[in-house]
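Please walk through this structure with the sequence alongside, following strand pairing first and then the contacts made by aromatic rings and lysine side chains.

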Amino acid sequence: MAKKRKKIIRYKKTKTFNIGIAVFAVIFLYLAVMTVRYFTAPKIEMYEVLEGDIANTSYYTGVAIRNETIVTSPYAGYVNYYLRERQKASVGNLIYTVDESGAMTEYLNVSSGNGSRLSEENLKELKSKLSAFSTSYSDEQFFEVYDVHAELSSMLMEYMNGTLLNEFSAQTGAEASASFQKCPADVSGVVFYSSDGMEGLTPELLTADTFSQENYQKNIYTRGMLVKNGDPVYRLITEDTWSVAIPLSEEDAAAYAGETSMSIRFTEKNLDATAAFSVVRGADGASYGILTLDKYMIQFAGERFIELEIKTSHPGGLKIPKTALAAQDVFVIPGEYLTMGGDSLVEGFNREVYGEDGSVSIEFVEADIVRITSEAEKEAAKEAGETIPDFCYVSVSSLSQGDMLLRPDSNDRFRVAEKQSLEGVYNVNRGYASFRYVNVIDENEEYCIVEKNVYYSIRAYDQIALHGLGLAEGQLLR
């Protein structure tokens, strides 16, 4: 008997909406969108604001001005020196002799090659000088090699010539000794065996040509040279105080007005000093700066043209990079329209609102204040005999052009219209960009100093955007 087939009827399930899946889908989509925005949005680099100042450095080629005289020979003949260069001579010290017959010069030439004529004391002093130099030598100050070479040569000349002079006087007769003249110092000072014709230079004689090195020549006086009566034989510097004159542009003269001292650096010798400063008019009517010092005369006595840096700094403030600066348009509104919102301390304005039925109501609008006229500006104007109005500068995101504002406790009205561009930075303390006005008081190529303790501006230790251009008000950080 055949089995009966059972008819199976499938049960149709009713589709129901799963709210959980929908919520998770929305959350996932939101996270995906935010992740994409995070990685595609420009990254904002931050900079912490600190107090500081800026040292502006200017470079000059100056001309040395000293109390120096050229000493001339009262005799004709061959000159021999007996005092090392850069050494101070007292009155009566033997500086040079003039050999009228040539006998002394011949004797010196024959005998000077014998190094054994140096005394033990002389050799000890030479070795001490070389040892001290080799111990302190640095490649960064290679120029000292030339200074030490010149000093050792002068020392050797002094020792050798002094010894040979005594020997010559003892070995020759009175007739031969009488053929040369001993010439001691008439005044005390530091001796140099060179000149350049600018020894009589004073600040009042300065011109633009003074600083030209095109035709500059330096005369060197050496042992054995033949001189006539009245010829120069050495240079004598009689004071330790000396000056460096520098040419000033109109901008320099304005920037240094009122300065009485300067921090300077001699670049070639890596020396720092503080010099008294004054401005004079030269013979050509131009302005020249005079830097006066009471040290380092010996180090630069052999040079006329001197390379130096002048470092100046202005009153400190908040130091920020110039890349942080940006500009933003703001509305300019009279300060008397600014008020508080009811019982709160929120600043803003009372704005008229017009209904569709023509009704007028007043609403309080919180304002993003960027700047107000400061008391310092008012005092400065007052001292100048002027009066400036009290203005409030408001972000354009707070109001709209054409809004009508109502003055508190008055029926006076003001229509928002005028815009002005202000310089500032973007504060990012709260995780988004907020424009803040800054007043730049000093700057160089990389940084600027802005006034501190200004209402609605930045403060020390604030975080600002390192690059202000391209940012917008309210832009979120990444």
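**Strands and rings in a predicted model**

Strand E19 (residues 317–321) and strand E31 (residues 447–450) run antiparallel and are joined by four bridges. Within this pairing, lysine 319 stands opposite isoleucine 449 in E31, while proline 321 has tyrosine 447 of E31 as its bridge partner. The model is a predicted one, and this should be kept in mind for every distance and angle that follows.

E19 has a second pairing, with strand E2 (residues 50–52), again in the antiparallel sense and over three bridges. Here leucine 50 stands opposite lysine 319, the residue that also stands opposite isoleucine 449 in E31. Most of E19 is covered, since four of its five residues are buried. E31, for its part, is joined by three bridges to strand E30 (residues 440–443), and these two strands run antiparallel. They form a hairpin, with three residues between E30 and E31, and in their pairing aspartate 442 stands opposite isoleucine 449. Isoleucine 449 thus stands opposite aspartate 442 and also opposite lysine 319.

The side chain of lysine 319 adds a further contact to this region. Over which ring does the charged end of lysine 319 sit? It is placed over the ring of tyrosine 447, at 4.8 Å from the ring centre, and tyrosine 447 is the residue already met as the bridge partner of proline 321.

Elsewhere in the chain there is a closed barrel of six strands, which runs E3-E14-E17-E16-E15-E18 with antiparallel pairing. On average, neighbouring strands of this sheet are turned by 45 degrees against each other, with direction ignored. One of the pairings in the barrel is that of strand E15 (residues 261–266) with strand E18 (residues 305–313), which is antiparallel and extends over four bridges; in it, serine 263 stands opposite lysine 311 of E18.

Aromatic rings supply another set of contacts, and the count of aromatic pairs comes to twelve. In one of them, tryptophan 242 and phenylalanine 300 are stacked, with 5.7 Å from centre to centre and 25 degrees between the planes. This pair links distant parts of the chain, given that tryptophan 242 belongs to strand E14 and phenylalanine 300 to helix H7 (residues 297–300), 58 residues apart. Tryptophan 242 and phenylalanine 300 are both buried. A second pair, phenylalanine 266 with tyrosine 296, is edge-to-face, with 6.3 Å between the centres and 85 degrees between the planes. It too links distant parts of the chain, with phenylalanine 266 in strand E15 and tyrosine 296 in the loop between strand E17 (287–293) and H7, 30 residues apart. Both of these residues, phenylalanine 266 and tyrosine 296, are buried.

Phenylalanine 300 takes part in one more contact, as lysine 269 lies over the face of its ring at 5.7 Å from the ring centre. Apart from these, ring pairs link Tyr81, Tyr96, Tyr193 and Tyr234 into a cluster.

How confident is the predictor, on average, over the protein chain? The mean pLDDT is 83, and 79% of the residues score at least 70. Among the elements, strand E14 (residues 242–247) has the highest mean pLDDT, at 97, whereas helix H5 (residues 174–177) has the lowest, at 50. Strand E14 is also one of the six strands of the closed barrel and holds tryptophan 242 of the stacked pair.

Key:
Residues are numbered from 1 along each chain as its sequence is written. This is a predicted model: local features need pLDDT of at least 70, side-chain atom pairs count only at pLDDT 80 or more; totals for chains, interfaces and linings use all residues. Side-chain values use heavy atoms; hydrogens and water are left out. pLDDT is the predictor's confidence in each residue, from 0 to 100. Two strands pair if DSSP finds at least two bridges between them. Axes are lines fitted to C-alpha atoms, for helices over the stretch in contact, and angles run from 0 to 180 degrees between N-to-C directions. Rings of Phe, Tyr and Trp (its six-membered ring) pair if their centres lie within 6.5 Å; planes under 30 degrees apart count as stacked, over 60 as edge-to-face and the rest as tilted. Buried means under 20% relative accessible area, exposed over 50%, partly exposed in between (1.4 Å probe, protein chains only). A charge sits over a ring if NZ of Lys or CZ of Arg is within 6 Å of the ring centre and within 35 degrees of the ring normal.
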